[in-house]
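Dear colleague,

Here is the structure I said I would pass on to you, with its sequence. Please look through it first, and then read my notes on what was found in it.

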Amino acid sequence: MNANMNDVFITSENLIKKNNLSIFFANIFNTLKNYKFIDWLALFLFSMYSATMIIIIRNIIVDLQSKGFLGGWSDIDRFTYQSNVLIWAYMLFFIFIKKHVFLKQNKWLLSNMVYIFFTFVGYNFILVPFGNGSYNLSNVYDLVTNIWYHILCPVTYIIFGYLYFFFNKFQFPKSYWKTLPKFFIYPTIYVVYISTISFVINPEYNGGKTYTVYGDFTNLKDHLKASLPVILGMWLLFFPISYAIFYYSWKGISKYSFKDLKNNFKKFSKAKNIQ
C-alpha cells in the first residue's frame with residue numbers, strides 16, 4: 001500500500017515538473033512569436049555584448065594576477081569598460097525585464113548612446129592620435145578586442161538607438177532640460193574621480209609615477225594647465241551637446257514616416273533628372 005502511494009506521489013511530482021517545464025517553454029515560444037525586428041536585434045546585440053563582458057572580466061583577472069590590485073583597478077576605472085558594461089546591462093533589461101522602471105521614458109537608452117559615443121570618439125580621435133591608445137597590429141588579441149569595444153560595440157549600439165527612435169516615435173523623454181540632470185550624474189561622478197585619483201593614490205604603489213586614468217589628459221596633479229581644459233570640455237561641452245544631438249534627433253525622426261522619405265526621395269530624383 002505504502003509503495004503504491006509513493007509511486008502516486010512520484011508520478012504527481014513528475015507531472016508537475018513536466019507541466020511547469022511545458023509552461024516555461026510555452027512562455028518562451030509566445031515571447032519569441034511576438035518579437036519584432038528591434039527585439040531580435042536586441043537579442044543579437046545582447047549576445048554580442050555578453051562576449052564583451054567575457055573579454056572585460058578576463059582582462060581584469062589577468063591584470064589582477066600579473067600586476068596586482070592596481071593593475072586590475074586600472075581596468076575597472078576605464079570609461080571604455082564601464083560604458084560597454086552599461087550597454088550590456090541595458091540589453092539585459094530590454095530583453096528580460098522590459099517593464100522595469102529603469103527603461104521608462106527611455107532615458108537610459110539615450111544616456112548610454114552618449115556614453116558609448118564618448119568611448120568611440122575619445123579613444124579613436126583623442127587617445128590614439130596622441131599616443132595614449134593604440135590598435136596594436138603586432139598583437140592580434142589586443143587589436144581585435146580594441147576594435148571590438150572601441151568601434152563595433154559603440155557603432156552597433158548607436159545604430160540600435162536610431163532604429164529604436166524610428167520604430168518608437170514620440171516615446172522620447174518629455175523634456176531635454178528636465179532629463180539632463182539625471183543624465184549628468186554618471187559623467188559628473190566620473191569627472192570627479194579622474195580629477196582627484198592622481199592625488200589619492202600614492203605614487204609608490206605605481207612605480208613612483210603619478211596614477212592617472214588617461215595619461216596627461218587627466219593628470220591634474222602634474223599637468224593642471226593641459227588637463228583642466230580637457231576635463232572641463234568633456235564634462236561641460238561634449239556630454240550635454242551629444243545628449244542634445246541624440247535627443248533632438250529622436251524628435252526630428254518622429255516627424256517623418258516611410259511615406260515622407262519616399263516622397264522626398266522621388267522629389268530629389270525628379271529634380272536631379274530635370275537638371
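Val128 sits in the loop that joins helix 5 to helix 6, where helices (H or I, at least four residues) and strands (E, at least two) are DSSP runs, numbered from the N terminus. Because its relative accessibility is 25%, Val128 counts as partly exposed, a class that lies between buried, which means under 20% relative accessible area, and exposed, which means over 50% (1.4 Å probe, protein chains only). Once its neighbours within four places in sequence are set aside, Val128 is in contact with Tyr123, Gly133, Ser134 and Tyr135, contact meaning heavy atoms within 4.5 Å.

Please keep in mind that this is a predicted model, in which local features need pLDDT of at least 70 and side-chain atom pairs count only at pLDDT 80 or more, while totals for chains, interfaces and linings use all residues. Residues are numbered from 1 along each chain as its sequence is written, and side-chain values use heavy atoms, with hydrogens and water left out.

The chain as a whole has 10 helices and zero strands, and buried residues make up 40% of its 275 residues. Of the contacts in the chain with a separation of 6 or more, 73% are between residues 24 or more positions apart.

A second loop residue, Thr212, is found between helix 8 and helix 9, and Thr212 counts as buried because its relative accessibility is 17%. Its side chain makes a polar contact with the side chain of Thr218, at 2.8 Å (a pair of N or O atoms within 3.5 Å; within protein, one must be able to donate a hydrogen and the other to accept it, and residues adjacent in sequence count only if both atoms are side-chain atoms).

Which residues of the largest nonpolar core touch the most other members? Of its 63 residues, they are Tyr90, Met91, Leu109, Tyr157, Phe160 and Phe239, where a nonpolar core is a set of buried Ala, Val, Leu, Ile, Met, Phe, Trp, Tyr and Cys residues joined through side-chain atoms within 4.5 Å. Helix 5 gives the most to this core, with 11 residues. Leu109, not counting residues up to four places away in sequence, touches Tyr90, Tyr157, Phe160, Gly161, Tyr164, Phe165 and Trp250.

On helix 7, the buried residues are Tyr176, Thr179, Leu180 and Phe183. They lie on the same side of helix 7 because they cover an arc of only 120° around the axis, the arc being that of the directions from the helix axis to the C-beta atoms. The face turned away from this buried side carries the exposed residues Trp177, Lys178, Pro181 and Lys182, and what covers the buried residues includes helix 5, helix 8 and helix 9. At the N-terminal end of helix 7, Ser175 acts as a cap, with a side-chain oxygen 3.3 Å from the backbone nitrogen of Trp177.

Finally, there is the largest pocket, which is lined by 25 residues, with Asp63, Asp75, Arg78, Tyr81 and Tyr149 lying nearest its centre. On a 1 Å grid over the protein atoms alone, a pocket is an open set of points where a 1.4 Å probe fits, with protein on both sides within 12 Å along at least five of seven lines, and lining residues have an atom within 4 Å of a point. Helix 6 gives the most to this lining, with six residues.

With best wishes
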